[in-house]
Amino acid sequence: MAHDLKDVEIEKAEFVFSIYDFEGKGTIDACDIGNCLRALNQNPTQELIGKMGGTQKRGEKKLKLEEFLPIFSQVKKEKDQGCYEDFLECLKLYDKNENGTMMLADLTNNLLALGERLSDEECDQIMADCMDPEDDEGNIFYAPFLKKMMDNMINIERR
């Protein structure tokens, strides 16, 4: 099923897989599928990771490279993905002053209402972990927030 991957893509997947093979047994934990895919410049949703066999807890399931390659191949075909630059472009739509800032209220509303919606608790946690203080007008710099948030999401999944 991974036959549609180019040799260079298979080579990259093997490299990433080896990094997440913490025990050196030729397997990765299924909870690391999302991390591996993101390291391969993919941006799957949590729902897609679950459909592809990803687990929430470490130790529930192991995958061999031969099982991971078809997952990588399938995720590459998904159209519902975005990267840092895509998300940055979306946030620029809320930059009324074109100075790299947006209203914190707009950001909070988007996190709670659009796409893979966050709960109030998840939104509060992201704000606490990733948000610099807002200015006197209620604006925040969105690029540093987005960078911290994406880095944080990868770190959270590694736990």
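Trainee: What makes Cys123, Ile126, Met127 and Cys130 of helix 7 count as buried?

Mentor: In this predicted model, buried means under 20% relative accessible area. Cys123, Ile126, Met127 and Cys130, in the helix spanning residues 120–130, are buried by that cut-off.

Trainee: How do you know that the buried residues of helix 7 line one face?

Mentor: Look down the axis of helix 7: its buried residues fall within an arc of 100 degrees, so they line one face of the helix. An α-helix has 3.6 residues a turn, so residues three or four places apart point the same way.

Trainee: And which residues are exposed on the other side of helix 7?

Mentor: There you find Glu121, Asp124 and Ala128. Exposed means over 50% relative accessible area.

Trainee: Now to another pair. Why are helix 1 and helix 4 called oblique to each other?

Mentor: The axes of helix 1 (residues 7–20) and helix 4 (residues 65–77) cross at roughly 120 degrees. Roughly perpendicular covers 65 to 115 degrees, and roughly antiparallel starts over 145. The angle fits neither class, and therefore the two helices are oblique. Their axes come within 11 Å, and the crossing is right-handed.

Trainee: What makes up the contact between them, by class?

Mentor: It has 7 nonpolar, no polar and 3 charged residues. Helix 1 brings Glu9, Ile10, Ala13, Glu14 and Phe17, while helix 4 brings Leu65, Phe68, Leu69, Phe72 and Lys76. Glu and Lys count as charged, whereas Ile, Ala, Phe and Leu count as nonpolar.

Trainee: How many helices and strands does the chain have?

Mentor: There are 8 helices and 4 strands, following the pattern α-β-α-α-β-α-α-β-α-α-β-α along the sequence.

Note on methods: Residues numbered from 1 in each chain as written. Predicted model: local features only at pLDDT ≥ 70, side-chain atom pairs only at ≥ 80, totals over all residues. Heavy atoms only, no water. Axes fitted to C-alpha atoms, helices over the stretch in contact; angles between N-to-C directions. Parallel < 35°, antiparallel > 145°, perpendicular 65-115°, else oblique. Left-handed = near helix turned anticlockwise from the far one by under 90°. Contact = heavy atoms within 4.5 Å. Buried < 20%, exposed > 50% of the residue type's maximum accessible area, 1.4 Å probe, protein only. Arc of directions from axis to C-beta.
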